Amino acid sequence: MAAGTHRRDRGPGTNSSRSDWRYAGATCIALILASAILVSGAPAEKHLSVYSVAANYSVPIVQREGRDYVGLLEVLEPLGRVSGKTDGTRWRLRYNNVEANFTAGANRAQVMGRDADLGGKFVLENKRGLVPLGALNSLLPRILGGPVALHELSDRLFIGSVATHFTASLASDDPPRLVFHFSAPVNPSIANEPGALHMTFRREPLVGPASPTLTFGSKAMPSASYSESNGSAVVTVKTSVPVMASFSNDGRSITVAATPAPQTGAAPTPAPPSTQTAAQNAPAANAAPANVPPAAVPHYFAVVDASHGGDDHGESLSSTLLEKDVTLALARSLRQELQSRGISTVVLRDSDANLPLDQRAIFANADHAAIYIALHAASSGHGVRVFTAMLPFGSDDHGPFRSWTTAQHDWLSPSQSTANAVAGELQKRQLPVKNVAAPLRPLNNITGPAIAVEVAPQGADANQVMAPDYQQLVTSAVATAIASLRDQLAGAQPQP
Amino acid sequence: MIPRHLQIALAVLLAAALGLSIYAWHVRKTVAATPVAPVDTRPLAPPVTGPTEKVVLYVAQDDDGTLRAQPAQIPMPSGRQQRAEELARALISLYLDKNSPHVIGAGTEVRSVFLVDPGGVVIDMNGAFADSHRSGVLVEELTVASLIHTITANTPNILRVKILIDGKERETLAGHADLSSFYEVAAVDQLASQLQAGP
């Protein structure tokens with residue numbers, strides 16, 4: 001024995017005793033370290049994403065005996081009437097008119113009197129029946145009476161024919177555009193990083209094409225790949241240039257287009273290109289052109305900016321309501337109201353995407369929009385606030401070029417006229433209105449008439465800002481005011 | 001052979017280590033979800049003593065979204081910079097009161113106020129000011145306008161103001177009010193007039 005050997009080798013008494021204590025101490029430290037590593041390295045909680053006609057939801061995946069298990073009640077509850085009854089080691093499941101019997105520790109179950117292989121032991125915990133994840137493939141078709149597809153490696157479950165498919169094609173415009181068409185509306189989270197754009201579909205039952213990698217023969221966007229993991233599908237577009245994604249066709253199309261390279265000189269703004277996403281121009285050495293060429297024709301009359309988006313949630317109006325979602329709904333409502341009055345309108349952020357403030361201003365400036373309207377929502381106070389830009393101190397103007405931070409300077413007058421008209425129209429509808437300047441970006445970067453509208457509830461219930469009738473009351477007032485100023489805005493000139 | 005007393009000690013330690021690791025495993029999520037009691041970082045009473053002076057604080061009112069001029073008697077030092085700092089502290093103390101008409105986050109403090117010639121003021125607030133501030137265009141604007149206007153209305157010859165958080169520049173106060181540039185005092189004065197006019 002090692003300890004005995006130590007004693008013999010090292011001689012009597014004190015030394016051997018000290019050695020034993022060292023041995024014991026080292027063992028304990030090793031154990032404590034191992035425990036710490038075990039605890040700190042615990043995997044993050046896994047979820048199974050379930051897609052069905054009734055609802056899309058997720059249920060927790062738990063580990064039992066080294067395998068993934070899910071609770072049957074949790075999976076079935078959103079789909080219909082379900083109950084579980086425990087009788088000793090037996091568990092009876094009833095889903096609508098279907099009955100299934102399980103026994104704790106057994107590898108098989110009975111569904112409507114017929115045997116079903118679970119591929120692992122049934123676990124009964126606190127009156128909850130847990131089955132191996134893989135067992136859903138055999139159990140659910142019998143219980144639900146329809147087809148089920150389980151993507152076990154990526155924790156995604158498709159119940160019925162709910163899959164959303166997509167195609168991608170390259171439009172060889174200049175700059176090139178990659179257009180994704182989806183069989184149903186989608187609203188992915190979009191993240192941009194050097195060399196790649198990732199679209200993550202957590203709520204959508206997106207399935208991949210036959211080949212997970214699509215190649216396009218474009219230097220700017222050579223390929224796109226599809227992958228699934230952790231309950232999500234991800235489409236990654238490889239890029240060699242900066243790109244930006246935009247949504248159209250009510251969320252059924254996503255266009256990924258290269259953004260023009262930032263200009264390094266104080267060059268005049270080019271005429272607006274013919275496509276929505278290409279109509280961008282980076283701030284040139286922190287300067288924006290002071291004057292828009294009079295001959296420029298707006299591609300869109302109104303640019304409506306749904307503020308925040310992606311990682312920027314804005315205010316949490318309630319436990320379930322984020323400002324970014326309210327502004328998107330308001331923007332879509334305002335677009336509809338403006339278009340119904342014959343005003344061509346584009347919504348800048350028509351999805352849950354990150355869009356930097358500079359990019360928003362760049363788009364509006366390059367498009368030479370007649371009016372830029374940023375939308376915000378708030379839970380504090382009540383009614384609607386209409387803002388114009390409050391310019392910061394000083395400017396770095398050079399000759400005909402304006403400082404980026406005070407680019408709005410020459411347009412304050414038409415902006416204030418627009419804000420007054422919008423406030424007046426809101427008052428006509430008995431809505432409390434405040435009309436003031438605000439230090440709110442990117443209003444100060446816009447080279448054209450620009451306002452921001454912040455919508456708060458009329459009373460104490462913050463959820464009112466999401467109510468369609470309240471939203472329409474506000475957006476119809478804004479649209480009516482813009483329509484009444486159509487000629488003035490179309491011919492607005494900078495006033496130094 | 002390991003002596004008996006060592007065997008017992010080792011067994012006890014082993015059991016303790018295993019027990020602790022199992023306990024840690026179970027409480028891991030609970031610990032993460034348990035809110036940490038906030039540190040009481042309420043500002044101390046104004047350090048300045050001596051004669052008080054009548055000043056006007058411009059106090060934001062959440063109920064109607066206005067600024068209201070409110071006279072106050074506070075101890076004021078003689079130095080221009082210290083006076084500006086005391087004005088900011090008096091305003092923040094008022095907002096931290098439980099009956100405040102414009103609630104700001106607990107723990108908000110004025111770290112310091114610097115006068116920078118010519119005509120510049122830098123207000124350095126602590127992180128809690130921005131981190132715990134409510135988000136919204138108007139609610140943030142009211143805080144900024146109130147803070148700047150209170151200092152500049154009581155301190156002559158100020159042209160521009162910069163707000164820092166923990167000594168560093170921040171993009172926005174809480175997602176809306178721009179803190180990346182210097183505020184022009186003339187523009188803030190105009191805004192304060194608009195906000196005092198009421199809805």
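Here is a walk through this predicted two-chain model, starting with chain A and ending in chain B.

Let's begin with the overall make-up of chain A. Its secondary structure adds up to 9 helices and 29 strands. Of its 496 residues, 42% count as buried. If you look at the contacts in chain A with a separation of 6 or more, 63% of them come from residues 24 or more positions apart.

Now zoom in on one of those strands, β19 of chain A, which covers residues 232-238. Because 5 of its 7 residues are buried, β19(A) is largely enclosed by the rest of the structure. It has two partners worth tracing. One is β16(A), residues 196-201, which runs antiparallel to β19(A) and is joined to it by 6 bridges; in that pairing, A:His198 has A:Thr236 as its bridge partner. The other is β18(A), residues 223-229, also antiparallel to β19(A), this time with 7 bridges. Here A:Ser229 is matched with A:Ser232. β18(A) and β19(A) form a hairpin with 2 residues between the strands, and A:Asn230 takes a positive phi there, near 45°. As background, strands of a sheet pair through backbone hydrogen bonds, either parallel or antiparallel.

Helix α6 of chain A, residues 357-367, tells a similar story about burial. With 8 of its 11 residues buried, α6(A) is largely enclosed by the rest of the structure. The buried ones are A:Arg360, A:Ala361, A:Ile362, A:Phe363, A:Ala364, A:Asn365, A:Ala366 and A:Asp367, so charged side chains such as A:Arg360 and A:Asp367 appear in that set too. Right after the helix comes A:His368, with a positive phi near 50°.

What about the nonpolar interior? The largest nonpolar core has 142 residues, and the members that touch the most others are A:Ala302 and A:Ile373. Helix α4 of chain B (residues 137-154) supplies the largest share of this core, 9 residues. Back in chain A, leaving out residues up to four places away in sequence, A:Ala302 touches A:Leu338, A:Ile343, A:Thr345, A:Ala369, A:Ala370, A:Ile371, A:Ile373 and A:Ile482. Apart from this core there is another one of 30 residues, including A:Tyr51, A:Val59, A:Leu72 and A:Ile143. In soluble globular proteins, nonpolar side chains tend to be buried together.

Next, the place where the chains meet. Chain A puts 37 residues into the contact and chain B puts in 38. On the side of chain A, the elements giving two or more residues are α1 (2-10), α2 (14-40), β26 (384-389), β28 (433-438) and β29 (450-455). The largest share, 9 residues, belongs to α2(A). Sorted by class, this side has 22 nonpolar, 9 polar and 6 charged residues.

Finally, over to chain B, where an open sheet of 4 strands runs in the order β3-β4-β5-β6, with mixed pairing. Its edge strands are β3 (110-116) and β6 (183-184), each pairing on one side only. β3(B) and β4(B), the latter spanning residues 120-125, are antiparallel and joined by 6 bridges; within that pair, B:Val113 is matched with B:Ile123. The helix packed on this sheet is α4(B), which touches β4, β5 (160-165) and β6 of chain B, and its direction makes about 125° with that of β5(B). That is the helix we met earlier, the one giving 9 residues to the largest nonpolar core.

Terms used. Residues numbered from 1 in each chain as written. Chains lettered and ligands numbered in written order. Predicted model: local features only at pLDDT ≥ 70, side-chain atom pairs only at ≥ 80, totals over all residues. Core = buried A, V, L, I, M, F, W, Y, C linked by C-beta atoms within 7 Å. Buried ≥ 20, exposed ≤ 12 C-beta atoms within 10 Å, placed from the backbone. Contact = placed C-beta atoms within 7 Å. Pairing = 2+ DSSP bridges. Axes fitted to C-alpha atoms, helices over the stretch in contact; angles between N-to-C directions.
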